[in-house]
Amino acid sequence: MLLSGKVAVITGAASGIGRETALLFAREGAKIVALDINETGGRETVAEIGNASGDAIFVKTNLRHKDEIESAVQACLAHFGHVDILHSNAASYALGSATEISEDEWDRTLDICLKATWRLTRGVIPAMLSRGGGTIVITGSVQAIRGYRGHTAYQAAKGGLLSLTRSLAADFAPTIRVNTILPGAVVTGLWDKISENDRERIAQMCPLRRNGRPEDIAQVALFLASDMSSYMTGSCLVVDGGLSSIIQPQWEQTER
Ligand SMILES: NC(=O)c1ccc[n+]([C@@H]2O[C@H](COP(=O)([O-])OP(=O)(O)OC[C@H]3O[C@@H](n4cnc5c(N)ncnc54)[C@H](O)[C@@H]3O)[C@@H](O)[C@H]2O)c1
């Protein structure tokens, strides 16, 4: 077991990548503190871990609220006594170009995707330092390194997470390692409004000819959270089936 005896705080644990990561980390021996605004989904994740003889608690947390984040970290320390891993993963965002989104939409996206990660690190880092070690795994996006229409606030937030990763890595090495995953197209709750046709079209844009599954990302989160990546910090790993690695002109898409 790669995470035996570790305590992991995971945000966005009610669904998609966060849930899959929580289940995988628990199978690898970690105790899980599942954070999400979605109480039903969060409790389902915790129940599934419990049914498999794992140990997990759910703390309903709106990541926009500073006091709720602080309480969640306190709940983790009160229940399990320490924290070894933070997987900052939750996201929610408004679509639109710079001229389309409102000030409120910008703030909400940046709060949940970027500022909450900084607030969580402020909560867990002192506990990790006093314990002598810890790992932080952030879920970014290939949109941090590639432009994509209509995603201004999300891309700004994800780009910020990349810089935050390097900054945290520089400040807290060698005790704490900090790395980011850049997923491509992964079928999760965020895809609810994407039609089957569009899903297939996106899959065919990937050299690996399929969309990602939450477990594809969870496995990389496990690698970054565990000692398997012990010589990595301040890095990012693209996990996108090759999507961002190629130039695929329109005519090539229709010919093949
Ligand atoms: N699915 C993709 O194609 C894709 C691609 C690149 C990056 N990502 C990233 O992966 C991460 C996980 O997303 P996912 O695809 O699993 O989506 P998801 O919708 O399944 O999960 C996101 C979770 O965040 C939670 N959340 C939203 N707002 C919150 C708030 N204010 N407080 C607490 N929790 C909140 C939601 O309830 C949900 O459980 C995100 O950071 C996302 O940006 C996803």
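**Ligand shell and helix packing in a predicted model**

Biologist: Which helices each supply at least two residues of the shell around the ligand?

Modeller: The model is predicted. Two elements meet that condition, one spanning residues 16-27 and the other residues 152-172. They are helix 1 and helix 5.

Biologist: How many residues surround the ligand, and how many of the shell residues are charged?

Modeller: The ligand is surrounded by 29 residues, the closest being Ser-15, Asp-36, Asn-89, Tyr-154 and Thr-188. Of the shell, 13 residues are nonpolar and 14 are polar. The charged residues number 2.

Biologist: What share of the accessible area of the ligand does the protein cover?

Modeller: Polar contacts with the ligand include a nitrogen atom 3.1 Å from an N or O atom in the side chain of Asn-62. Another pair joins a ligand nitrogen to a polar backbone atom of Thr-61 at 3.3 Å. An oxygen atom of the ligand lies 2.8 Å from a polar backbone atom of Ile-17. On its own the ligand has 830 Å² of accessible area, and the protein covers 92%.

Biologist: Is helix 4 roughly parallel or roughly antiparallel to helix 5?

Modeller: Helix 4, residues 103-131, packs against helix 5 with the axes 8 Å apart and an angle of about 15°. Angles under 35 degrees count as roughly parallel. Helix 4 is therefore, relative to helix 5, roughly parallel.

Biologist: Is the crossing of helix 4 and helix 5 left-handed or right-handed?

Modeller: The pair packs at about 15°. The hand of the crossing is a separate matter. For helix 4 and helix 5 the crossing is right-handed.

Technical notes. Residues numbered from 1 in each chain as written. Predicted model: local features only at pLDDT ≥ 70, side-chain atom pairs only at ≥ 80, totals over all residues. Heavy atoms only, no water. Near = heavy atom within 4 Å. Polar contact = N/O pair within 3.5 Å; in protein donor to acceptor, adjacent residues only side chain to side chain. Areas by Shrake-Rupley, 256 points an atom, 1.4 Å probe, with all protein chains shown as cover. Helix = DSSP H or I, 4+ residues; strand = E, 2+ residues; numbered from the N terminus. Nonpolar A, V, L, I, M, F, W, Y, C, P; charged D, E, K, R; others polar. Axes fitted to C-alpha atoms, helices over the stretch in contact; angles between N-to-C directions. Parallel < 35°, antiparallel > 145°, perpendicular 65-115°, else oblique. Left-handed = near helix turned anticlockwise from the far one by under 90°.
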